[in-house]
Amino acid sequence: MSDPFERKIYEARLSPHRSMTPRAFYLFIVVYCVAQLVFALPFLFMGAWPVAGFMGLDALALYIAFRISFRSAGAYETLDLTALELVFARVDVGGRRREWRFNPSWVRLQQDVHEEFGTQSVALVSRGEIVEIGAFLGPEQKAELARDLDRALATARRGPLFE
């Protein structure tokens, strides 16, 4: 039988959104490079080879930018809530983990909501410490996270359910 104090009330893994899969990226970069080559050939034939070189640098810069973006997608955050503890962990791109532990009875959510742009930030506040969560999420996702986490914290504050 599981311990009611250890049963998870809420669990979430937050990751930055990437609209392009690695396969779609490689297809895009190949098509882009072929298009750059087609547009660069007339300049090469006219003797304006520096233009073609700069077009190649454009393709290289685009490739590097996408690789950096895909690398940053390795970062994530986790939220685990039980009746006794809220554990928030942030894992960076290099795999380094930083963890915060809060008592659900004392932690509160702080939201910065702009009337035109929606939820700008969500933070956990306890004993003077403020930790922003889901900074990479969009306003709608931040609002949904805050709503769900607020409900879960209310459940945790009521205490464990014994069956």
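Biologist: Which relative accessible area marks a residue as exposed?

Modeller: In this predicted model, a residue is called buried under 20% relative accessible area and partly exposed in between. The term exposed requires a value over 50%.

Biologist: Is Ile-68 buried or exposed?

Modeller: Ile-68 is found in helix 2. Its relative accessible area is 57%. As the cut-off is over 50%, Ile-68 is therefore exposed.

Biologist: Which helix gives the most to the nonpolar patch?

Modeller: The patch covers about 700 Å² and is made by Tyr-26, Phe-54, Leu-57, Leu-60, Tyr-63, Ile-64 and Ile-68. Six residues come from one element, residues 49-72. The main contributor is thus helix 2.

Biologist: How many aromatic pairs does a search of the whole structure find, and how is the pair of Phe-25 and Phe-66 classed?

Modeller: The search finds seven aromatic pairs. In one of them, Phe-25 and Phe-66 lie 5.3 Å centre to centre, with 40° between the planes. This pair links helix 1 (residues 22-45) to helix 2 across 41 residues. The count is seven, and the pair is tilted.

Biologist: Why is the pair of Phe-25 and Phe-70 edge-to-face?

Modeller: Phe-25 is buried, at 0% relative accessibility. The ring centres of Phe-25 and Phe-70 are 5.3 Å apart. Edge-to-face requires planes over 60 degrees apart, and the pair qualifies because its planes stand at 65°.

Biologist: Over the face of which residue does Arg-13 lie?

Modeller: Arg-13 is placed 3.6 Å from a ring centre. The ring beneath Arg-13 belongs to Tyr-76.

Technical notes
Residues numbered from 1 in each chain as written. Predicted model: local features only at pLDDT ≥ 70, side-chain atom pairs only at ≥ 80, totals over all residues. Heavy atoms only, no water. Patch = residues over 30% accessible without salt bridge, like charges linked within 9 Å, V, L, I, M, F, W, Y side chains within 5 Å. Areas by Shrake-Rupley, 256 points an atom, 1.4 Å probe, with all protein chains shown as cover. Salt bridge = Lys/Arg side-chain N within 4 Å of Asp/Glu carboxyl O. Helix = DSSP H or I, 4+ residues; strand = E, 2+ residues; numbered from the N terminus. Buried < 20%, exposed > 50% of the residue type's maximum accessible area, 1.4 Å probe, protein only. Phe/Tyr/Trp six-rings, centres within 6.5 Å; stacked < 30°, edge-to-face > 60°. Lys NZ or Arg CZ within 6 Å of the ring centre and 35° of its normal.
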